[in-house]
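Here is a short tour of one protein model and its ligand. Keep the sequence and the 3D view side by side as you read.

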Amino acid sequence: MVRAIVGANWGDEGKGKITDMLGEKSDIIVRFQGGSNAGHTIINEYGKFALHLLPSGVFYQHTTCIIGNGVALNIPYLQKEIDDIVSKGVPKPHILVSDRAQILMPYHIDFDAYEEERLGGKAFGSTKSGIAPFYSDKYAKIGFQVSELFDEDTLVEKVARVAEQKNILLEHMYHKPLIDPKELLETLHEYRDMVAPYVCDTSLYISNALKEGKTVLLEGQLGTLKDPDFGIYPMVTSSSTLAAYGAIGAGIAPYEIKDIITVVKAYSSAVGAGEFVSEIFGDEADELRRRGGDGGEFGATTGRPRRMGWFDAVASRYGVRMQGATEVALTVLDVLGYLDEIPVCVGYEIDGEVTKDFPVTAKLKKAKPVYEVLPGWKEEIRGITKYEDLPENCRKYIEFIEKELGVPVTMVSNGPGRHEIIHRAQA
Ligand code: GDP
């Protein structure tokens, strides 16, 4: 059985915690897209961890963690994350890396920074992890597949060819130091030795595991609104964040994905530039940011303060639809306990007309939020384990969101800890 955990919003919905929790019951956990550009925050008996590249299952001895072919694989970073968790007392995890994954090269990180520098005030707010240059090269067919590290003749020829092309840009466009092909080849030899113990045909591995009745969890990064096709283009990431892509990025048949748990945040937050209709500012935003998440809303990768906003039903309904959500996990609800009233964005006013359907970016730029205001519950809800024990106004808030989403809310997260979750029986 394959299950996916994905985000409906701009990322940071709290997927890490839900993945960690469901990882306990999974045999295999797969990262299928993205790279080390976003992070999950996980709190468990070993401590607090910000994972960027490793799947959340690394804390369990019974799980196999897979870096799928769809991932932007930063090999030294992978090594660093493994060493880091092991040094904090976590037993060495069982990790496999797809032989078809492509390698995030040192120059991808450089090009990411150079391009942001060149764009100046018009920059994308990239995390400078090299993700956009990586995926550009992958689809321009000048990327390096892990398997190519083990084919010396091809590697030597390709390094020379790619360095020649990159050096034209470095010299004439960015005026930066050039790539030395000899040095690059040596780096790739080091990468080969680092990654060798983990490399295999992970698609075949998963296929065989499924035949044996094993449980597979696909772990998504970011959320629908950062998808290159369906998000707020161009302020998006460079690989698909949708569950559908999980089939490709993990190398499994699409019909194998039976359950798509879509994580929705009880309010909105976003890192980086881009349209954000229900955004709030000033003291109101500062207070929510300070109280939000676990110790404040600051990016797990960059430490940047997150932009804050009220729950956006238009964006979230679209977010769950594009994921194909079969169930919703609603997170960080506990944070809203201080509010007398909670505005919820239920429509967008665009050129004098109100719509409930999420539009393309050009229209989104003109959208103004239409709010409905719900009463707050003014109570601490952490520690509550049964849905019926939640304050009435809190349940009403959840049920309002559920109606707007049109997908059952089966889990309500009321604290950052692994077991701070309320499972909700469906009528
Ligand atoms: P991801 O990118 O979707 O995995 O998001 P993160 O893992 O970065 O989660 C965002 C933050 O919210 C982290 O600091 C989590 O510890 C925290 N968090 C997750 N669920 C809850 C919750 O229900 N309540 C509170 N207060 N914090 C939560």
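Helices and strands here are DSSP runs, numbered from the N terminus; a helix has at least four residues and a strand at least two. With that in hand, P234 can be placed: P234 lies in the loop between strand β10 (216-223) and helix α8 (243-250). The model is a predicted one.

**The cis bond and the positive phi angles**

P234 is joined to Y233 by a cis peptide bond. The omega angle of this bond is about 5°.

Strand β10 is also the home of L222. L222 is not a glycine, yet its phi is positive, at about 60°. L222 has a relative accessibility of 16%, so it counts as buried.

K378 is another non-glycine residue with a positive phi, here about 50°. Find K378 in the loop between β18 (368-375) and α12 (392-405). Is K378 buried or partly exposed? Its relative accessibility is 48%, so K378 counts as partly exposed.

**The ligand and its shell**

Now turn to the ligand. It sits in the second largest pocket. How many residues surround the ligand? There are 19, and the closest are K15, G16, H40, D334 and S413. The shell divides into three nonpolar, nine polar and seven charged residues.

Which elements build this shell? Helix α1 (15-23) and strand β3 (40-44) each supply at least two residues. Helix α1 gives the most, with three.

Backbone atoms also come up to oxygen atoms of the ligand. The table lists three such pairs.

| Residue (polar backbone atom) | Distance to a ligand oxygen atom |
|---|---|
| G14 | 2.9 Å |
| V332 | 3.1 Å |
| G415 | 3.1 Å |

Taken alone, the ligand exposes 580 Å². The protein buries 96% of that area.

**A helix on the inside**

Next, look at helix α10, residues 313-323. Why is α10 described as largely enclosed by the rest of the structure? Ten of its eleven residues are buried, so the helix is largely enclosed. Buried means under 20% relative accessible area. Among the buried residues are A313, R317, Y318 and Q323.

Both ends of the helix deserve a look. At the N-terminal end, D312 caps α10. A side-chain oxygen of D312 lies 3.0 Å from the backbone nitrogen of V314. Just after α10 comes G324, with a positive phi of about 75°.

**Buried residues in loops**

R418 belongs to the loop between β19 (409-413) and β20 (421-423). Its relative accessible area is 10%, and R418 is buried. Which side chains does R418 contact? The side chain of D20 makes a polar contact of 2.9 Å with that of R418. The side chain of Y60 makes another with R418, at 3.3 Å.

P93 is in the loop between α2 (75-87) and β7 (94-98). P93 is buried, at 7% relative accessibility. Now compare positions along the chain and in space. P93 and T63 are 30 residues apart along the chain, and their C-alpha atoms are separated by 8.0 Å.

M105 is in the loop between β8 (102-103) and α3 (106-119). What is the relative accessibility of M105? It is 0%, so M105 counts as buried. M105 and K365 are 260 residues apart along the chain. Their C-alpha atoms are separated by 35 Å.

Definitions and conventions
Residues are numbered from 1 along each chain as its sequence is written. This is a predicted model: local features need pLDDT of at least 70, side-chain atom pairs count only at pLDDT 80 or more; totals for chains, interfaces and linings use all residues. Side-chain values use heavy atoms; hydrogens and water are left out. A residue is near a molecule or strand if one of its heavy atoms lies within 4 Å of it. A polar contact is a pair of N or O atoms within 3.5 Å; within protein, one must be able to donate a hydrogen and the other to accept it, and residues adjacent in sequence count only if both atoms are side-chain atoms. Accessible areas come from the Shrake-Rupley method with a 1.4 Å probe; for residues, only the protein chains shown count as cover. On a 1 Å grid over the protein atoms alone, a cavity is a set of points where a 1.4 Å probe fits but cannot get out, and a pocket is an open set with protein on both sides within 12 Å along at least five of seven lines; lining residues have an atom within 4 Å of a point. A molecule sits in a cavity or pocket if more than half of its atoms lie within 2 Å of its grid points. Ala, Val, Leu, Ile, Met, Phe, Trp, Tyr, Cys and Pro count as nonpolar, Asp, Glu, Lys and Arg as charged, and the others, Gly among them, as polar. Buried means under 20% relative accessible area, exposed over 50%, partly exposed in between (1.4 Å probe, protein chains only).
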